[in-house]
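Dear colleague,

I am passing on the structure below, together with some notes on its surface and its charged side chains. Please read the notes with the coordinates open beside them.

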Amino acid sequence: MATNAFKDSPVTQQFEEMAKNILKAELKRRGITYAQLAERLERIGVKETERNLNNKISRGGFSAAFLFQCMLAIEAKEIRLV
């Protein structure tokens with residue numbers, strides 16, 4: 001099985017960790033659980049189960065589109081990068 005050099009790059013992994021931490025912090029700041037996030041995502045047409053969200057967010061390797069969907073679902077107006 002071939003590996004993806006970009007995906008395995010320490011720099012990519014660093015940014016995936018940053019995205020994961022930002023999303024988790026925003027959820028925690030608002031007191032939103034994964035179950036509640038799943039409900040909110042469904043309201044905007046994104047179907048994810050609580051378990052899928054837990055796995056996806058724990059891995060941190062999600063798309064920018066998914067991050068923006070979550071931010072929209074939780075009504076985040078801005079994202080703190082640092």
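Phe68, Ile79, Leu81 and Val82 together make a nonpolar patch of about 490 Å² on the surface of what is, I should say at once, a predicted model. Within this patch, Ile79 belongs to the segment that follows helix 5 (64–73), and because its relative accessible area is 32%, Ile79 counts as partly exposed.

Turning to the charged side chains, there are five salt bridges when a cut-off of 4 Å between the side-chain nitrogen and the carboxyl oxygen is applied. One of them joins Lys20 to Glu17, with 3.3 Å between the closest N and O atoms, and both of these residues lie in helix 2 (residues 10–30), where they are three residues apart, about one turn of the helix. Lys20 is buried, at a relative accessible area of 13%, whereas Glu17 is partly exposed, at 38%.

Another salt bridge pairs Lys47 with Glu42, their closest N and O atoms being separated by 3.7 Å; here Lys47 is exposed, with a relative accessible area of 66%, while Glu42, at 48%, is partly exposed.

In the salt bridge between Glu48 and Lys56, the closest N and O atoms are 2.7 Å apart, and Glu48 is buried with a relative accessible area of 18%, whereas Lys56, with 21%, is partly exposed. Finally, Glu26, Arg29 and Arg30 are joined into one network by salt bridges that share partners.

With best wishes

How values were computed. Residues are numbered from 1 along each chain as its sequence is written. This is a predicted model: local features need pLDDT of at least 70, side-chain atom pairs count only at pLDDT 80 or more; totals for chains, interfaces and linings use all residues. Side-chain values use heavy atoms; hydrogens and water are left out. Patches are made of residues with over 30% relative accessible area and no salt bridge: like charges are joined within 9 Å, nonpolar side chains (Val, Leu, Ile, Met, Phe, Trp, Tyr) within 5 Å. Accessible areas come from the Shrake-Rupley method with a 1.4 Å probe; for residues, only the protein chains shown count as cover. Helices (H or I, at least four residues) and strands (E, at least two) are DSSP runs, numbered from the N terminus. Buried means under 20% relative accessible area, exposed over 50%, partly exposed in between (1.4 Å probe, protein chains only).
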